[in-house]
Amino acid sequence: MSDGVTLYYANDGDESIGGYDIFISRKGEDGFLQPQNIGMPYNSPYDDYMLAIDEVTVLAGGPPTAIASAT
């Protein structure tokens with residue numbers, strides 16, 4: 001995000017629901033804090049690597065069949 005503190009990224013590590021998932025981390029006094037998986041419905045068993053955020057809607061997804069939205 002453009003707040004200078006929040007970082008969103010995709011990773012396929014141990015904490016993934018499946019394939020690539022979107023994670024969030026925030027900058028603290030000594031660097032970035034432990035990242036957290038943002039979970040479902042934003043992540044799925046597929047590769048989720050895109051995230052779009054605006055004032056009203058959050059969209060996340062990978063393949064066209066795995067797109068989730070929340071308002």
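Biologist: Let's start with S16: is it buried or exposed?

Modeller: Keep in mind that we're looking at a predicted model. S16 sits in the loop between β1 and β2. Its relative accessible area is 18%. The cut-off for buried is under 20%, so S16 counts as buried.

Biologist: Which residues does S16 touch, not counting those up to four places away in sequence?

Modeller: Inside its own loop, a polar atom of the S16 side chain lies 3.4 Å from the backbone oxygen of G19. With residues up to four places away set aside, S16 touches N11, D21, F23 and N37.

Biologist: How far is S16 from I38, C-alpha to C-alpha?

Modeller: In sequence, 22 residues separate S16 and I38. In space, C-alpha to C-alpha, the gap comes to 9.8 Å.

Biologist: D21 turned up among the partners of S16, so where is D21 found?

Modeller: Y20 still lies in the loop between β1 and β2, and β2 covers 21–28. D21 is found in strand β2.

Biologist: How far away is the nearest side chain of opposite charge from D21?

Modeller: D21 is buried, yet it has no salt bridge. A salt bridge needs the two charged groups within 4 Å. For D21, the nearest side chain of opposite charge belongs to R26, at 17 Å.

Biologist: Which residue's backbone nitrogen does the D21 side chain reach?

Modeller: D21 has plenty of company: leaving aside neighbours within four places, its contacts include Y9, A10, N43 and Y46. There is also a link to a backbone nitrogen, at 2.3 Å from the D21 side chain. That nitrogen belongs to I17.

Biologist: N37 is also in contact with D21, so is N37 buried, partly exposed or exposed?

Modeller: N37 has its place in strand β4, residues 36–37. Its relative accessibility is 22%. Buried means under 20% and exposed means over 50%, so N37 counts as partly exposed.

Biologist: Which side chain makes a polar contact of 2.5 Å with the side chain of N37?

Modeller: The N37 side chain also has a polar atom 2.7 Å from the backbone nitrogen of G39. Beyond four places in sequence, N37 is in contact with residues including E15, S16, I17 and D21. The 2.5 Å polar contact between side chains joins N37 to N43.

Biologist: What distance separates the C-alpha atoms of N37 and I17?

Modeller: Along the chain, N37 and I17 are 20 residues apart. Their C-alpha atoms are separated by 8.5 Å.

Biologist: Which peptide bond is cis, with omega near 15°?

Modeller: Most peptide bonds are trans. Here we look in the loop between β4 and β5, where P41 is found. The cis bond, with omega near 15°, runs from M40 to P41.

Biologist: Is G4 buried or exposed?

Modeller: G4 has its place in the segment before β1, which spans 6–11. Its C-alpha atom is separated by 8.2 Å from that of K27, 23 residues apart along the chain. The relative accessibility of G4 is 60%. The cut-off for exposed is over 50%, so G4 counts as exposed.

Biologist: How big is the nonpolar surface patch that Y20, Y49 and M50 make?

Modeller: Y20 is partly exposed, with a relative accessible area of 35%. A patch takes residues with over 30%, so Y20 passes that cut-off at 35%. Together, Y20, Y49 and M50 make a patch of about 320 Å².

Biologist: How many strands does the chain have?

Modeller: Read along the sequence, the pattern is β-β-β-β-β-β-β. There are 0 helices, and the strands come to 7.

Biologist: And how much of the chain counts as buried?

Modeller: The chain exposes about 4900 Å², with carbon and sulfur atoms supplying 52% of that area. Of its 71 residues, the share that counts as buried is 25%.

How values were computed. Residues numbered from 1 in each chain as written. Predicted model: local features only at pLDDT ≥ 70, side-chain atom pairs only at ≥ 80, totals over all residues. Heavy atoms only, no water. Helix = DSSP H or I, 4+ residues; strand = E, 2+ residues; numbered from the N terminus. Buried < 20%, exposed > 50% of the residue type's maximum accessible area, 1.4 Å probe, protein only. Areas by Shrake-Rupley, 256 points an atom, 1.4 Å probe, with all protein chains shown as cover. Patch = residues over 30% accessible without salt bridge, like charges linked within 9 Å, V, L, I, M, F, W, Y side chains within 5 Å. Lys, Arg positive; Asp, Glu negative; His and termini not counted. Polar contact = N/O pair within 3.5 Å; in protein donor to acceptor, adjacent residues only side chain to side chain. Contact = heavy atoms within 4.5 Å.
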